[in-house]
Amino acid sequence: MSNFDEDKLQSEEDADEDSYITLTDDEGNDVHFEFLDLVEYQGRDYAVLLPFDDLSDEVVILEVLDSDDSEMAEYLSVESEEILNAVFDEFKKRHADEFDFED
């Protein structure tokens, strides 16, 4: 499990595939992800993403903030290891039949 390094991101949904998103970081770089799941934890939503350009098999977990004045959601890095672990544990429970998880 890893945390995306950028502080604040905005998404633009890919119109062709709902399971793929492109995030634009604060420096204007596009990063492409497969959207694996949306997990609610302690009243907040977290996106579990798999980077396309990364050769590792680690996911990225970002907090999702809905914006009332925009159609785009904002994605924030998660600093808390406790939250990252709890969200990833829930993701593993939901997708135990789909993925081979290493402990």
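Author: Two strands pair if DSSP finds at least two bridges between them. The model discussed here is predicted.

Reader: Which residue in β3 does L23 stand opposite?
Author: Start with the strands. β2 covers residues 20-24 and β3 covers residues 30-41. They pair in the antiparallel sense over five bridges. Opposite L23, in β3, stands V31.

Reader: Which residue in the turn of the β2 and β3 hairpin has a positive phi?
Author: Five residues lie between the two strands of this hairpin. One residue in the turn has a positive phi of about 85°. That residue is G28.

Reader: What pattern does the chain follow along the sequence?
Author: The chain has one helix and six strands. Read along the sequence, the strands come before the helix. The pattern is β-β-β-β-β-β-α.

Reader: Over which residues does pLDDT stay under 50?
Author: The chain has a mean pLDDT of 78, and 76% of its residues reach 70 or more. One stretch stays under 50, although the model has 61 contacts for it beyond four places in sequence. Where pLDDT is low, the predicted coordinates should not be read in detail. The stretch is residues 1-16.

Reader: Is the pair of Y20 and F52 stacked or tilted?
Author: This is one of two aromatic pairs in the structure. The ring centres are 5.2 Å apart, and the planes meet at 40°. Stacked needs planes under 30 degrees apart, and edge-to-face needs over 60. The Y20 and F52 pair is therefore tilted.

Reader: How many residues apart are Y20 and F52?
Author: The pair links distant parts of the chain. Y20 sits in strand β2, while F52 is in the loop between β4 (44-51) and β5 (60-65). Their separation is 32 residues.

Reader: Does F52 count as buried, partly exposed or exposed, and what is its relative accessible area?
Author: Buried means under 20% and exposed means over 50%. Its partner Y20 counts as partly exposed, at 27% relative accessibility. F52 is partly exposed too, with a relative accessible area of 42%.

Reader: Is the pair of F88 and F91 stacked or tilted?
Author: Both residues lie in helix α1 (residues 81-94), three residues apart, about one turn of the helix. Their ring centres are 6.2 Å apart and their planes are at 25°. Planes under 30 degrees apart count as stacked. So the F88 and F91 pair is stacked.

Reader: What is the relative accessibility of F91?
Author: Its ring partner F88 is buried, with a relative accessible area of 16%. F91 also falls under the 20% cut-off. F91 counts as buried, at 2%.

Reader: Which element gives the most to the largest nonpolar core?
Author: In soluble globular proteins, nonpolar side chains tend to be buried together. This core has 13 residues, and those with the most contacts inside it include Y46, V48, I83 and F91. Two or more residues come from each of β3, β4 and α1. The most, five residues, come from α1.

Reader: How many residues does the second, separate core have?
Author: The strand partners L23 and V31 return here. Both belong to this second core, which also includes A47 and V60. Its residues number 11.

Reader: Which residues is H95 in contact with, leaving aside its neighbours within four places in sequence?
Author: H95 is found in the segment after α1. H95 counts as buried, because its relative accessibility is 10%. Beyond its sequence neighbours, its contacts are L36, D37 and F101.

Note on methods: Residues are numbered from 1 along each chain as its sequence is written. This is a predicted model: local features need pLDDT of at least 70, side-chain atom pairs count only at pLDDT 80 or more; totals for chains, interfaces and linings use all residues. Side-chain values use heavy atoms; hydrogens and water are left out. Helices (H or I, at least four residues) and strands (E, at least two) are DSSP runs, numbered from the N terminus. Rings of Phe, Tyr and Trp (its six-membered ring) pair if their centres lie within 6.5 Å; planes under 30 degrees apart count as stacked, over 60 as edge-to-face and the rest as tilted. Buried means under 20% relative accessible area, exposed over 50%, partly exposed in between (1.4 Å probe, protein chains only). pLDDT is the predictor's confidence in each residue, from 0 to 100. Contact means heavy atoms within 4.5 Å. A nonpolar core is a set of buried Ala, Val, Leu, Ile, Met, Phe, Trp, Tyr and Cys residues joined through side-chain atoms within 4.5 Å.
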